[in-house]
Amino acid sequence: MIRQLLLLTICFIALMGCEEETYYPPGLYGYQVERLISGGEEKVWALTGLEVDGQNQNIEGCANAVELHVYEGLTAINVYQVTTCEVPDTLYYGEMTASEAGASAPNEHVFTDSLLFENGAVSYVIVKEVTSLRLKFDRYIGGKKSTYQWAAR
């Protein structure tokens, strides 16, 4: 009995190790992800957490009071990162579109895992979670992985 229980436990652990980690709600379409992030026309996200190479960063103070400003554009969504100080420092992420599976997939418009940017300072970010209230993504800067957590304002 103990041997069977041990074997069952090992099988369970092995199966859990093979499970792919997916945080964002699966089965969303690209346009649904874009709508969650933009709120339809315009939405502001406040930075609530930052981790660089697995280390939590202090986000207290003016220099780290960062917001994402997301606007509906003509062909895509425009994303700006704004530092909310007296003299704001603005970084244009670019014109965002949500990645989609493509023609080779059974449903080509289903969101895969990333936000793609053109004509800006950011190429892409990997989405970990997106809801109407929370956004979490990984961005790779200079060989470092940074995980940003945002809350809708």
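**Notebook: aromatic rings, a cavity and two loops**

I first looked up the aromatic rings and noted that ring pairs link Tyr71, Tyr80 and Tyr92 into a cluster. The model is predicted, so I recorded that local features need pLDDT of at least 70 and side-chain atom pairs count only at pLDDT 80 or more, while totals for chains, interfaces and linings use all residues. Residues are numbered from 1 along each chain as its sequence is written, and side-chain values use heavy atoms, with hydrogens and water left out.

**Entry 1: ring pairs**

A pair of aromatic rings is described by the distance of the centres and the angle of the planes. The rule I applied pairs rings of Phe, Tyr and Trp (its six-membered ring) if their centres lie within 6.5 Å; planes under 30 degrees apart count as stacked, over 60 as edge-to-face and the rest as tilted. By this rule I noted eight aromatic pairs. One of them joins tyrosine 71 and tyrosine 80: the centres are 6.1 Å apart and the planes stand at 75 degrees, so I entered the pair as edge-to-face.

I then looked up how accessible these two residues are. Buried means under 20% relative accessible area, exposed over 50%, and partly exposed in between (1.4 Å probe, protein chains only). Tyrosine 71 has a relative accessible area of 30% and is therefore partly exposed. Tyrosine 80, at 29%, also counts as partly exposed.

I turned next to tyrosine 93 and phenylalanine 117, an edge-to-face pair with 5.5 Å from centre to centre and 75 degrees between the planes. This pair links distant parts of the chain, for tyrosine 93 is in strand S5 and phenylalanine 117 is in strand S6, 24 residues apart. Both tyrosine 93 and phenylalanine 117 are buried.

The ring of tyrosine 93 also has the charged end of arginine 139 over it, 5.4 Å from its centre. For this I required NZ of Lys or CZ of Arg within 6 Å of the ring centre and within 35 degrees of the ring normal.

**Entry 2: the cavity**

I searched a 1 Å grid over the protein atoms alone, where a cavity is a set of points at which a 1.4 Å probe fits but cannot get out, and lining residues have an atom within 4 Å of a point. Grid points are joined across faces, edges and corners, and a volume is the space filled by probe spheres set on the points. I found one cavity of 30 Å³ or more, and the volume of the largest cavity is about 40 Å³. Its lining consists of Ile37, Leu68, Val79, Tyr93, Met96, Leu115, Phe117, Leu135 and Phe137. Strands S5 (89-100), S6 (111-118) and S8 (134-141) are the elements that give two or more residues to this lining.

**Entry 3: positive phi**

Most residues other than glycine have a negative phi. I noted aspartate 53, with phi near 50 degrees, in the loop between strand S1 (42-52) and strand S2 (55-56). Aspartate 53 is partly exposed, with a relative accessible area of 45%. Asparagine 119 has phi near 60 degrees and lies in the loop between S6 and strand S7 (124-130). At 60% relative accessible area, asparagine 119 is exposed.

**Entry 4: the whole chain**

I counted two helices and nine strands in the protein chain, taking helices (H or I, at least four residues) and strands (E, at least two) as DSSP runs numbered from the N terminus. Of the 153 residues, 34% count as buried.

Key. 1 Å grid on protein atoms, 1.4 Å probe; cavity = no way out; pocket = protein on both sides within 12 Å on 5 of 7 lines; lining within 4 Å.
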